[in-house]
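The following paragraphs guide a new reader through one protein structure. Please keep the sequence and the three-dimensional view at hand while reading.

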Amino acid sequence: DGISGRVFSDEIVSVSSSVMQIVPLRTLTHHPHDVRSCRQVALLIHSDDSVSVVPDSARALATVEEAISVTGQNGLFVHTIDRTSGELRALRVSRKPSVELSTGSNPFELVTVGTTIFNPSLETIVNVAYPRRGEVIQSPSTVLGDDALLLKYLNPHLMVVVTEATKSF
């Protein structure tokens with residue numbers, strides 16, 4: 001449990017390739033009397049573009065399913081960065097067609113939706129920042145002095161890439 005520190009289960013997860021990114025997802029419901037209940041689920045993004053869910057439970061799979069199909073949003077997006085080649089890829093987590101949502105199976109896959117390359121001889125990627133998942137905006141609009149309404153454009157998939165010019169530039 002990420003809040004109390006209580007260990008709900010202890011198990012070994014075998015992976016097919018190295019883990020490139022860990023995406024934490026928070027469950028909406030928590031059952032403290034359930035031994036395998038956990039408030040958070042981790043989506044592991046592997047170097048071979050495969051995905052695995054930790055813990056491997058029905059509740060965790062349902063949490064990922066909910067995150068990729070929430071009404072009003074268009075999916076769950078992640079990104080990968082190869083700092084040596086300067087490649088940044090945007091990926092959408094989606095459900096594989098005709099695969100059951102059951103433990104022991106891998107019903108999710110990554111679909112590349114965009115790629116860009118920052119030329120490493122000209123610039124290097126220093127950092128990437130993006131809004132927190134599920135962040136609530138308190139005031140999506142502002143009333144101006146002339147009583148006009150300024151609406152904020154809110155894109156939950158926006159990211160900022162900070163690069164630094166190389167010395168050869």
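On the surface of this predicted model, a nonpolar patch is formed by Val13, Val15, Val19 and Ile22. Together these residues have about 320 Å² of accessible area. One member of the patch, Val19, belongs to strand S1, which covers residues 19-26. Is Val19 buried, partly exposed or exposed? Its relative accessibility is 38%, and Val19 therefore counts as partly exposed, since that class lies between the buried limit of under 20% and the exposed limit of over 50%.

Strand S1 leads to the sheet in which it takes part. This is an open sheet of 3 strands, arranged in the order S1-S2-S3 with antiparallel pairing. The edges are held by S1 and strand S3 (51-54); each has a single partner strand, so one side of each is left without a neighbour in the sheet. From one strand to the next, the twist averages 25°. Between S1 and strand S2 (residues 40-46), which run antiparallel, there are 7 bridges. Within this part of the model, Leu25 has Val41 in S2 standing opposite.

The wider plan of the protein may now be considered. It contains 1 helix and 10 strands. Read from the N terminus on, the elements follow the pattern β-β-β-α-β-β-β-β-β-β-β. The protein has 169 residues, and buried residues make up 26% of them. Its accessible surface comes to about 11,100 Å², with 55% of that area belonging to carbon and sulfur atoms. Contacts across the sequence complete this overview: among those between residues at least 6 apart in sequence, 55% join residues at least 24 apart.

A second sheet deserves attention. It is likewise described as an open sheet of 3 strands, here in the order S4-S5-S6, and its pairing is antiparallel. S4 and strand S6 (108-117) are the edge strands, each pairing on one side only. Neighbouring strands of this sheet are turned against each other by 25° on average, direction ignored. The antiparallel strands S4 and S5 are joined by 7 bridges, and Ile81 stands opposite Leu88 in S5.

The loop between strand S4 (76-82) and strand S5 (87-95) contains Gly86. Is this glycine, Gly86, buried or exposed? With a relative accessible area of 3%, Gly86 is buried, because the class requires a value under 20%. Which residues does Gly86 touch, not counting those up to four places away in sequence? They are Thr116, Ile117, Phe118, Pro120 and Ile125. Gly86 can also be related to Asn119: the two are 33 residues apart in sequence, while their C-alpha atoms are 6.0 Å apart in space.

Strand S5 also holds Ser94. Ser94 counts as buried, because its relative accessibility is 11% and the limit for that class is under 20%. When residues up to four places away in sequence are not counted, Ser94 touches Ile68, Pro107, Phe108, Glu109 and Val111.

To review the route taken, the account began with partly exposed Val19, a member of the nonpolar surface patch. The later stops were Gly86, buried in its surroundings at 3% relative accessible area, and Ser94, buried at 11% relative accessibility.

How values were computed:
Residues numbered from 1 in each chain as written. Predicted model: local features only at pLDDT ≥ 70, side-chain atom pairs only at ≥ 80, totals over all residues. Heavy atoms only, no water. Patch = residues over 30% accessible without salt bridge, like charges linked within 9 Å, V, L, I, M, F, W, Y side chains within 5 Å. Areas by Shrake-Rupley, 256 points an atom, 1.4 Å probe, with all protein chains shown as cover. Salt bridge = Lys/Arg side-chain N within 4 Å of Asp/Glu carboxyl O. Helix = DSSP H or I, 4+ residues; strand = E, 2+ residues; numbered from the N terminus. Buried < 20%, exposed > 50% of the residue type's maximum accessible area, 1.4 Å probe, protein only. Contact = heavy atoms within 4.5 Å. Pairing = 2+ DSSP bridges. Axes fitted to C-alpha atoms, helices over the stretch in contact; angles between N-to-C directions.
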